[in-house]
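I opened the notebook to record what I looked up in this structure, one topic at a time.

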Amino acid sequence: MITVGDLTKRFGSKLAVDHLGFEVRPGVVTGFLGPNGSGKSTTMRCMLELDRAESGTTLFDGRRFRDLDQPLHQVGALLDAGYVHPGRSGRNHLRWLAASNGLPRRRVDEVLELVGLTSVAGARVRTYSLGMKQRLGLAGVLLGDPTTVILDEPANGLDPEGIRWIRDVLTHLASQGRTVLVSSHQLSEIALMAHDLIVIGQGRLLEQGTVAEFVERHAERWVRVQSPGIFELQQPLEQHGATIEVIDDTTWHVRGSDSRTIGELAAARSVVLYELSPQTGSLEDAFLQVTAAAQEYRSGHVDGGA
Amino acid sequence: MINLLRAEWIKLRTVRMNWVLGNIAIVFPLVVTLLTAYFRGDDTGFNGLNTQDLVSTLTGTTVVCSLLCGVIAAAAITSEFGFGTIRPTFAATPRRLRVLVAKGVVTLLTTTAIGATVIAIGWFGGSSIARSRGASIELSTVDTAVPAMVGAIVLVAVMSLAGYGLGLLMRSTPAAVATLIVWPLIAEGLIGGLLGLITGKKNLSSWMPFQAGLRMVFVDRFAEGPSRLAGGAVFAGVALLLVALGSLAVSRRDA
């Protein structure tokens, strides 16, 4: 269990983390989301006391990070896969990490095997791809067999197989009762692996709950209707206050009404329906909806043509 | 602490640049000293090699060794900031001072061993070569020879402490290395000369940290300025102050 309370961090005049508080429970993967510049990485660094917070505390199973004698046994963290000396081999990187917490050398070989880097363990890290560095970073996280795992953008640079592998690893770790907190911009990945969600914007907590609740609460819902006589439904649907988005001659997306009402309206007019399916927006839709007001950086519209 | 010492030793010895610098630090003074012993060892005239000359050559070239050891020590910490490995380091050991002490101890012991190796091989090799060429080399004939050679080893150790301290304070390899090289070779002379002009005292520059430290390696006796012991104490005091201030800064700042 991670308990973050009233965490505040300022860089000069900029308030990066603003009285942030949340809990991460064991047994499930918890996604940590926020737009660029929202303070996710700073929060993670403050949790590990790498950045000095102005106020607030973070407790790992009730203990402050600085009070952990050999933290790799309790907290495995990967903040950036690039935090490796490029002239050192992958194995030697893990060896100093293991030695610092009294872990045996054989554990290094075990985690190298686990992440699939045994064959390149003796090569200098500067020859590694970003995906290989991510695997090396994850090996470092797993060294101490920790009860809590914290990862910042672990899927960056991974190929589809690697992304799937990391998803499987994290869900497996959570299923063993560990606490897993993972930040990512790949919302489809979070939707697949996370059960719980923490969403922040401009350093403040915007939402905390399950992914399902979050999507249910914030994502747009509509009904997809497909029928050869679909235009016969236009007037009754508009009388019920529904809005219609025409997809093609036989397909509409109907908002402001539910599938039961639409089905009854169709039946009353003997309109044949090929499809009547409720649709819900994605986690991405819900995320963009919630963080719209908390975007630090906004993109301009791209017009077609030069 | 043993775990941390092991971790820092693995870090130090698994970077190729440290081996390159360490080897140059050993080979350069030895090559100069042994070649001097060989080529001047058979000259019995005015340029003939005596014990004082041999020790002076050895301790004088060890100054270069000390500068390189200072660079190794500075890079031991600045590379952690440069490559970001300071974060996994502190995430693995949140008590930062323990990490900094372990790194300082490992670096200090390694560089001191380099200095001791240079002096031991330089003296025994150089004196053997010179004697085989006909020179009369006897340690007992120069009472300042042993203090100068011990002083050279201490200079290497103190220089590495100074490099480590600068690295802790500056966090940047180019800045720390440039300061380490420019300060003793240029800045001290300029500042000492300027202070001498202002105060009218000629020997102020000999009290500047590196110049004072250099007193440890000289075979000659000095009528003015700090003694061997006082000079070493001044330089060691400044180096320890740099390490203390740097450790304090690293402990308080964001990693």
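**Entry on A:Ser257.** In this predicted model, I looked up which residues A:Ser257 touches once its neighbours within four places in sequence are set aside, and I found A:Val223, A:Leu237, A:Ala242 and A:Ile262 in contact with A:Ser257. I then placed A:Ser257 on the chain, where A:Ser257 sits in the loop that runs between β13 (251–255) and α9 (259–268) of chain A. Is A:Ser257 buried or exposed? I noted a relative accessibility of 17% for A:Ser257, and because buried means under 20%, I entered A:Ser257 as buried.

**Entry on helix α10 of chain A.** I listed the buried residues of helix α10 (residues 283–291) of chain A, and they are A:Leu283, A:Ala286, A:Phe287, A:Val290 and A:Thr291. When I looked down the axis of α10(A), these buried residues fell within an arc of 115°, so I wrote that they line one face of the helix. I also asked what covers the buried residues of α10(A), and the cover in chain A includes β3 (29–33), α6 (187–193), β9 (196–201), β10 (204–210) and α7 (211–218).

**Entry on salt bridges.** I recorded a count of 24 salt bridges over all chains, and I followed some of them up.

I began with a pair that crosses between chains, going from A:Lys9 in strand β1 (residues 2–11) of chain A to B:Asp254 in the segment after α9 (228–252) of chain B. The closest N and O atoms of A:Lys9 and B:Asp254 are 2.8 Å apart in this salt bridge. On burial, I noted that A:Lys9 counts as buried at 6% relative accessibility, whereas B:Asp254 is partly exposed with a relative accessible area of 21%.

Next I looked at A:Arg135 and A:Glu161, whose side chains meet in a salt bridge at 3.1 Å, N to O. A:Arg135 lies in helix α4 (residues 130–142) of chain A and A:Glu161 in helix α5 (residues 160–175) of chain A, so this pair ties together parts that are 26 residues apart in sequence. I entered A:Arg135 as buried, at 15% relative accessibility.

In chain B I looked up B:Glu80 and B:Lys11, which form a salt bridge with their closest N and O atoms 2.7 Å apart. This pair links distant parts of the chain, with B:Glu80 in helix α3 (residues 51–82) of chain B and B:Lys11 in helix α1 (residues 2–13) of chain B, 69 residues apart. I found B:Glu80 buried with a relative accessible area of 2%, and B:Lys11 buried with a relative accessible area of 4%. Which residues are linked with them in a network of salt bridges? I wrote down the network as B:Glu8, B:Lys11, B:Glu80 and B:Lys103.

**Entry on a nonpolar patch.** I turned to the surface of chain B, where a nonpolar patch with about 1100 Å² of accessible area together includes B:Ile181, B:Trp183, B:Leu190, B:Leu194 and B:Ile198. I checked B:Ile198 in particular, which is found in helix α7 (residues 173–199) of chain B and is exposed, with a relative accessible area of 64%.

**Entry on domains.** Lastly, I looked up the domain assignment of chain A, which gives domain 1 (1–215) and domain 2 (220–279). I noted that the C-alpha centres of domain 1 and domain 2 of chain A lie 46 Å apart.

Notes:
Residues are numbered from 1 along each chain as its sequence is written. Chains are lettered from A and ligands numbered from 1 in the order in which they are written. This is a predicted model: local features need pLDDT of at least 70, side-chain atom pairs count only at pLDDT 80 or more; totals for chains, interfaces and linings use all residues. Side-chain values use heavy atoms; hydrogens and water are left out. Buried means under 20% relative accessible area, exposed over 50%, partly exposed in between (1.4 Å probe, protein chains only). Helices (H or I, at least four residues) and strands (E, at least two) are DSSP runs, numbered from the N terminus. The arc is that of the directions from the helix axis to the C-beta atoms. Contact means heavy atoms within 4.5 Å. A salt bridge is a side-chain nitrogen of Lys or Arg within 4 Å of a carboxyl oxygen of Asp or Glu. Patches are made of residues with over 30% relative accessible area and no salt bridge: like charges are joined within 9 Å, nonpolar side chains (Val, Leu, Ile, Met, Phe, Trp, Tyr) within 5 Å. Accessible areas come from the Shrake-Rupley method with a 1.4 Å probe; for residues, only the protein chains shown count as cover. Domain bounds come from an automatic or database domain assignment.
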